[in-house]
Amino acid sequence: MTYIAKPAFHHPSLQKNALGFTRRDYEGKVSTLCAGCGHDSISAAIVQACFEIDLEPHRLAKLSGIGCSSKTPDYFLGASHGFNTVHGRMPSVLTGANLANRELIYLGVSGDGDSASIGLGQFAHVMRRGVNMTYIVENNGVYGLTKGQFSATADKGSKSKKGVVNSDAGIDMVALALQLGASFVARSFSGDKDQLAPLIKAALTHKGAAFIDVLSPCIAFNNHKGSTKSFDWVREHNEAVNRLDVLLGRLPVTTQYEPGELVEVQQHDGSLLMLRKVAADYDPTDRVRAMSYLQERQAAGEIVTGLLYVDPDADDLHDALGTVHRPLNQLSDRELTPGAAALAGINAALR
Ligand SMILES: Cc1ncc(C[n+]2csc(CCOP(=O)(O)OP(=O)(O)O)c2C)c(N)n1
Ligand code: SF4
Ligand SMILES: [Mg+2]
C-alpha cells in the first residue's frame with residue numbers, strides 16, 4: 001500500500017556515502033506494483049545511482065505523469081520534491097519548474113503510454129528545447145495500469161496476451177529523441193542494473209536533455225510469447241554497444257580497462273564518462289552515425305542498448321533564453337516587478 005512507510009531503522013553497519021547517507025536514505029515507500037514488475041528494478045537502479053553520486057535528496061525534484069511507471073517516484077527518494085502530474089503532461093510541468101528554479105536536479109519518470117501515446121507532443125517539445133533534466137521512460141509496450149492495451153511503442157506484429165496482433169508501427173523513443181535534439185540518449189533494460197545504474201548517474205550529471213528508454217517488461221500483461229517487450233525477448237535480442245562508468249570530478253581517475261577499449265567523455269560538470277566499447281566502431285558523439293547504427297541493428301532484429309549519443313558541451317533552455325541564475329522565489333519584489341517604465345520599454349521593443 002502506498003501509505004505504508006518502510007521502517008526508519010537502519011542497521012549501523014550499512015555502507016555510507018560521502019554525505020553520510022545509506023542506500024536506505026534514498027528509498028521511498030513500499031511499492032504497490034506487481035511483484036516482478038520491471039519498473040521496481042528501475043526504481044532500485046535510481047536509488048543506487050543517487051546514492052553513488054552523493055546526491056543531496058532535497059536537491060532533486062522527481063516528476064511523473066500517470067501509469068504504473070508514473071507511480072514509482074513514490075517508491076524512491078522519499079526525501080526529495082515530488083509532483084505526480086496529469087497523464088502525458090509531466091514535461092510541461094517539469095519545464096515550468098526548471099525555469100523557476102534551475103538549482104534543483106530534475107528527474108522525469110514516465111511510461112510509454114504517458115510519453116509516446118497521449119504525451120507525444122509534450123515529449124517532443126521538452127527534448128527539442130533542451131530542458132536540463134533526466135527523462136526516463138519505463139517502456140513495456142502496453143498501458144499497464146489500465147490492463148494491457150497496446151501503447152504506441154508496441155512493435156508492429158507483436159501479440160497481446162489475448163493473441164491480438166498489433167497492426168500499427170511502433171514508435172522508437174530513442175530514434176525520436178535523437179532526431180529531436182536530445183543531448184544524451186541511452187537505452188537499457190530493467191533486468192540489467194549493471195548497465196542501467198551508471199547510465200542514470202551519467203544522465204543526472206549531464207547538462208541538457210538526457211533521455212533513457214528502459215525496456216521494462218510488464219509481467220501482468222506483456223511478458224508472453226509473441227511480445228517483443230518480454231524478459232525473454234529482450235534478453236535474447238539485446239545488443240550492448242558499450243558499458244559505462246562515471247567518475248565524478250573530484251575522484252582520481254583510475255581504470256581497470258585495457259587501453260584501446262575505452263572512450264573517455266568529459267562532461268560539463270567535470271565528471272568523466274568512461275565507455276568500454278563493445279561494438280568496436282561505435283562513436284557515441286556522432287548523432288548521425290548513432291541514428292543510422294540504430295536503424296541498421298533494428299533491421300537485423302537487435303535491440304541496441306548503452307549510451308548511444310552524448311554531446312558533453314550541450315546548451316540548455318536557460319542558455320537559450322538567457323534567464324537569471326537565481327531561483328525566482330529568491331528574487332525581490334523589485335526584481336520580479338520592475339515597474340511601468342520597464343514594461344513600456346519591453347512593449348516599445350516589440351513594436
Ligand atoms: C487524460 C487521461 N486519459 C486516460 C487515462 C487512463 N490511463 C491511465 S494510465 C494510462 C496508460 C499508462 O500507460 P503507461 O504510461 O505505458 O504506463 P504503465 O502503466 O504501462 O507503466 C491510461 C490510458 C488517464 N488517466 N487520463
Ligand atoms: S500491471 Fe504491469 S506495469 Fe503495472 S505494476 Fe503490474 S507488471 Fe508492472
Ligand atoms: Mg507502459
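## Exercises on a predicted model

Ile 200 touches Ala 45, Ile 46, Ala 49, Thr 134 and Ile 212, leaving aside residues up to four places away in sequence. The structure is a predicted model, and the exercises below start from this residue.

**Exercise 1.** Determine which residues touch the most other members of the largest nonpolar core.

*Solution.* The largest nonpolar core holds 71 residues. Within this core, the residues that touch the most other members are Ala 177, Val 185, Leu 199, Ile 200, Ala 209, Phe 211 and Leu 308. Another core, of nine residues, lies apart from it and includes Cys 37, Ala 154, Cys 218 and Phe 221.

**Exercise 2.** Compare the expected span of helix 7 with the distance between its end C-alpha atoms, and decide how far the helix is enclosed.

*Solution.* Step one: helix 7 covers residues 193-205, which is 13 residues. Step two: at 1.5 Å a residue, counting one less than the number of residues, the helix should span 18 Å. Step three: the end C-alpha atoms are 18 Å apart, which agrees. Step four: a residue is buried if 20 or more other C-beta atoms lie within 10 Å of its own. The buried residues of helix 7 are Gln 195, Leu 196, Ala 197, Pro 198, Leu 199, Ile 200, Lys 201, Ala 202, Ala 203, Leu 204 and Thr 205. Eleven of the 13 residues are therefore buried, and helix 7 is largely enclosed by the rest of the structure.

**Exercise 3.** Carry out the corresponding analysis for helix 1 and state what covers its buried residues.

*Solution.* Step one: helix 1 runs over residues 38-52, and its 15 residues should span 21 Å at 1.5 Å a residue. The end C-alpha atoms are 21 Å apart, in agreement. Step two: the buried residues are Gly 38, His 39, Ser 41, Ile 42, Ser 43, Ala 45, Ile 46, Val 47, Ala 49, Cys 50 and Phe 51. Because eleven of the 15 residues are buried, helix 1 is largely enclosed by the rest of the structure. Step three: the cover over these buried residues includes helix 2, strand 4 (133-139), helix 7 and strand 8 (209-215). Step four: after helix 1 comes Asp 54, with a positive phi near 55 degrees.

**Exercise 4.** Is Pro 7 buried or exposed?

*Solution.* Pro 7 belongs to the segment before helix 1. A residue is exposed if 12 or fewer other C-beta atoms lie within 10 Å of its own. Pro 7 has 7 such atoms within 10 Å, so Pro 7 is exposed. Pro 7 and Val 30 are 23 residues apart in sequence, with their C-alpha atoms 10.0 Å apart in space.

**Exercise 5.** Describe the residues around ligand 1 and those around ligand 2.

*Solution.* Ligand 1 has 19 residues around it, of which Gly 67, Ser 69, Gly 111, Gly 113 and Gly 144 come nearest. Helix 2 (68-71), helix 4 (112-117) and strand 5 (142-143) each give two or more residues to this shell. Helix 4 gives the most, three residues. By class, the shell around ligand 1 has seven nonpolar, nine polar and three charged residues. Around ligand 2 stand Leu 33, Cys 34, Cys 37, His 39, Cys 68, Asn 140, Gly 144, Leu 145, Cys 218, Ile 219, Ala 220 and Phe 221. That shell has nine nonpolar, three polar and no charged residues.

**Exercise 6.** Assess the chain as a whole.

*Solution.* The chain has twelve helices and 13 strands. Its radius of gyration is 21 Å, close to the 20 Å given by the globule rule for 351 residues, so the chain is as compact as a globular protein of that length. Buried residues make up 45% of the chain.

Methods
Residues numbered from 1 in each chain as written. Chains lettered and ligands numbered in written order. Predicted model: local features only at pLDDT ≥ 70, side-chain atom pairs only at ≥ 80, totals over all residues. Core = buried A, V, L, I, M, F, W, Y, C linked by C-beta atoms within 7 Å. Contact = placed C-beta atoms within 7 Å. Near = placed C-beta within 6 Å. Nonpolar A, V, L, I, M, F, W, Y, C, P; charged D, E, K, R; others polar. Helix = DSSP H or I, 4+ residues; strand = E, 2+ residues; numbered from the N terminus. Rg over C-alpha atoms; globule rule 2.2 N^0.38 Å.
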